[in-house]
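Q: Please take a close look at one part of this chain and describe how it is put together. Start with the terms you need, and keep to what can be read from the model.

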Amino acid sequence: MSFPSLWSYLLLLLGTGTVGYASYGHYPGLMAGAGVLLIIGAWSLGMAWRWAALLLYVVAFVASLVLPGHTATVQELLGALLMIGGLGYIILREQGTERELEWQRNTVVALRNGSERLAEARDEQAIIRAGIGILSTLKVAPNLAFVAYRQGTPYILAAKGAYEALLERPIHPSHNDSRSVQADHWVAEEALDLLKKPQRRRYHVAPVYGRASNHLGVLILTRNTDVDFDEEETSVVASFARLLGAQLGQLSAIRELRDANDLTLRSLGAALERRDDDTGGHTTRVVSMSLRLARRLGWDEEQVRALRWGAYLHDLGKLAIPDQILHKRGPLDPGERQVIQTHTTIGYEMLQDLHFLPAETLDLVRYHHERWDGTGYPASLRGQNIPETARVFSIVDVYDALTNARPYKLAWTRERAMAEIRAQAGRQFDPQYVDAFLRMMAEQDDAVIVS
């Protein structure tokens, strides 16, 4: 027990004894002083203790009136009522102040934690769900919904309370209404109509905008009571809507940038095919097959994107290889082979200034000719030391090279190429990834037979 709390209990004990003595002896002045002492002792212990102290004073005063031989004058009654009313008013005012301070503290904590949780969310749905969850902690309203458009139709994408049963539900105009629902008030009206009237006695709608005033959706809050949303609550909701909109807008901007990057790299990959003109379609095939294998291995979308970009760019360094070597029809001599092997490090160096490229993409470009047994190039890496993207891609790259014609060889059959991949498990390739690749190809064959 802390020192202040000990003093509070001692004051309460002293006040209780004093008010009892004053009541029994009918000493109104002493009783009033004891009442004040009770309130002082209870003040730091919380609101319940304050009301209990006031109630104790009231009980003591009433007891003093009913004890035999005691009578109260009008002045004493008026003084007691003023005492009770004054102390009650002070307690009520403090209760309101504490409630307001608690609301402000909860708001600050919720917005601070909300900023962190929203920043950690990796996709739009996760941001929306986190946003509704954070707004719920403010206890502004029991029923919450975030409504946004999907292909022109508004959907409830996140919800709390009564709206949870309506999650992922499309919202259509009711009563054959031909008016557009592309306005907040119509969407809100339709969303509110989905709840029973007792669940939406009071409601508030807050639009959510992203960057450049891009409309992203609406927040809908409803109450089961007749208590209106006050100015402070609507202001907090508006602030939160801006926070949610900023995060969704940032995600949209990042997505647009990534899409632009992806399109740029895909175009660069297509240009590289024209440079290495006897391998038409190679990039498209290895990208598609690599992504299928990565998803089979359970890679997350960031890893898959890094692999895709690396597959687009894996032969970028061949731009620096002389035509007479790159297009030579026949085996390369040792000097020529040494020159063409430089394409991995040249490509890696060419990409250094593209800071948006993840390390996994650069690893693929540099190390996709490494071998599991350590006899590859450019760094003679061995086993698990070879980056994952390079290990996965090397299998697909070799398979595509084997099954398609090159200036120095004819195309192999699918069966012969798969047999060679299997034979190179533990030598050229990661055995675990070879197994996954061969199962993927076998399932593809089965699907073709069934169809």
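A: Helices are DSSP runs of H or I with at least four residues, strands are runs of E with at least two, and each kind is numbered from the N terminus. On that basis, Glu-168 falls in the loop between β2 (153-160) and α6 (184-193). Glu-168 has a positive phi of about 65° although it is not a glycine. Its relative accessible area is 45%, so Glu-168 is partly exposed, a class that lies between the limits of 20% for buried and 50% for exposed.

The model is a predicted one. Its chain of 451 residues has 41% of them buried, and its secondary structure comes to 16 helices and 4 strands. Of the contacts between residues at least 6 apart in sequence, 60% join residues at least 24 apart.

The part to look at closely is helix α9, followed by what surrounds its residues and then by α14.

Helix α9 covers residues 301-313, and these 13 residues should span 18 Å at 1.5 Å a residue; the end C-alpha atoms are 18 Å apart, so the model agrees with the expected value. The expected span is 1.5 Å times one less than the number of residues, which is why 13 residues give that figure. At the N-terminal end, Asp-300 acts as a cap, with a side-chain oxygen 3.1 Å from the backbone nitrogen of Glu-302. Of the 13 residues of α9, 10 are buried, which leaves the helix mostly covered. The buried residues run from Val-304, Arg-305 and Ala-306 through Leu-307, Arg-308 and Trp-309 to Gly-310, Ala-311, Tyr-312 and Leu-313.

One of these, Leu-307, is in contact with Ser-290, a residue of helix α8 (residues 282-296). Ser-290 counts as buried because its relative accessibility is 1%, under the limit of 20%. A polar atom of the Ser-290 side chain lies 2.6 Å from the backbone oxygen of Val-286. Besides Leu-307, Ser-290 is in contact with Val-392, Phe-393 and Val-396, when neighbours within four places in sequence are left aside.

Another residue of α9, Gly-310, has its C-alpha atom 9.9 Å from that of Ala-359, although the two are 49 residues apart along the chain. Ala-359 belongs to helix α13 (residues 359-367). With a relative accessibility of 48%, Ala-359 counts as partly exposed.

After α9 comes Asp-315, in the loop between α9 and α10 (323-326). Its relative accessibility is 13%, so Asp-315 counts as buried. The Asp-315 side chain makes a polar contact of 3.1 Å with the side chain of His-314 and one of 3.3 Å with that of His-343. Asp-315 and His-343 are 28 residues apart in sequence, and their C-alpha atoms are 6.9 Å apart.

The loop between α13 and α14 contains Pro-378, and the peptide bond leading to Pro-378 from Tyr-377 is cis, with omega near 10°. Ser-380 lies in the loop between α13 and α14. Phi of Ser-380 is near 55°, a positive value in a residue other than glycine. Ser-380 is partly exposed, because its relative accessible area is 45%.

Helix α14 (residues 388-402) holds Arg-391, which is buried at a relative accessible area of 7%. A polar contact of 2.7 Å joins the Arg-391 side chain to that of Asp-430. Apart from residues up to four places away in sequence, Arg-391 touches Trp-372, Gly-383, Gln-384, Ile-386, Asp-430 and Tyr-433.

Arg-391 and Asp-430 are among the residues that line the second largest cavity. This cavity has a volume of about 50 Å³, and the model has 3 cavities of 30 Å³ or more. Others in the lining include Tyr-367, Glu-370, Arg-371, Trp-372, Ile-386, Ala-390, Ser-394, Gln-428 and Phe-429. The largest share of this lining, 3 residues, comes from α14. By class, the lining has 5 nonpolar, 2 polar and 4 charged residues.

To return to the helix chosen at the start, α9 is capped by Asp-300 at its N-terminal end and has 10 of its 13 residues buried.

Definitions and conventions:
Residues are numbered from 1 along each chain as its sequence is written. This is a predicted model: local features need pLDDT of at least 70, side-chain atom pairs count only at pLDDT 80 or more; totals for chains, interfaces and linings use all residues. Side-chain values use heavy atoms; hydrogens and water are left out. Buried means under 20% relative accessible area, exposed over 50%, partly exposed in between (1.4 Å probe, protein chains only). A polar contact is a pair of N or O atoms within 3.5 Å; within protein, one must be able to donate a hydrogen and the other to accept it, and residues adjacent in sequence count only if both atoms are side-chain atoms. Contact means heavy atoms within 4.5 Å. On a 1 Å grid over the protein atoms alone, a cavity is a set of points where a 1.4 Å probe fits but cannot get out, and a pocket is an open set with protein on both sides within 12 Å along at least five of seven lines; lining residues have an atom within 4 Å of a point. Grid points are joined across faces, edges and corners, and a volume is the space filled by probe spheres set on the points. Ala, Val, Leu, Ile, Met, Phe, Trp, Tyr, Cys and Pro count as nonpolar, Asp, Glu, Lys and Arg as charged, and the others, Gly among them, as polar.
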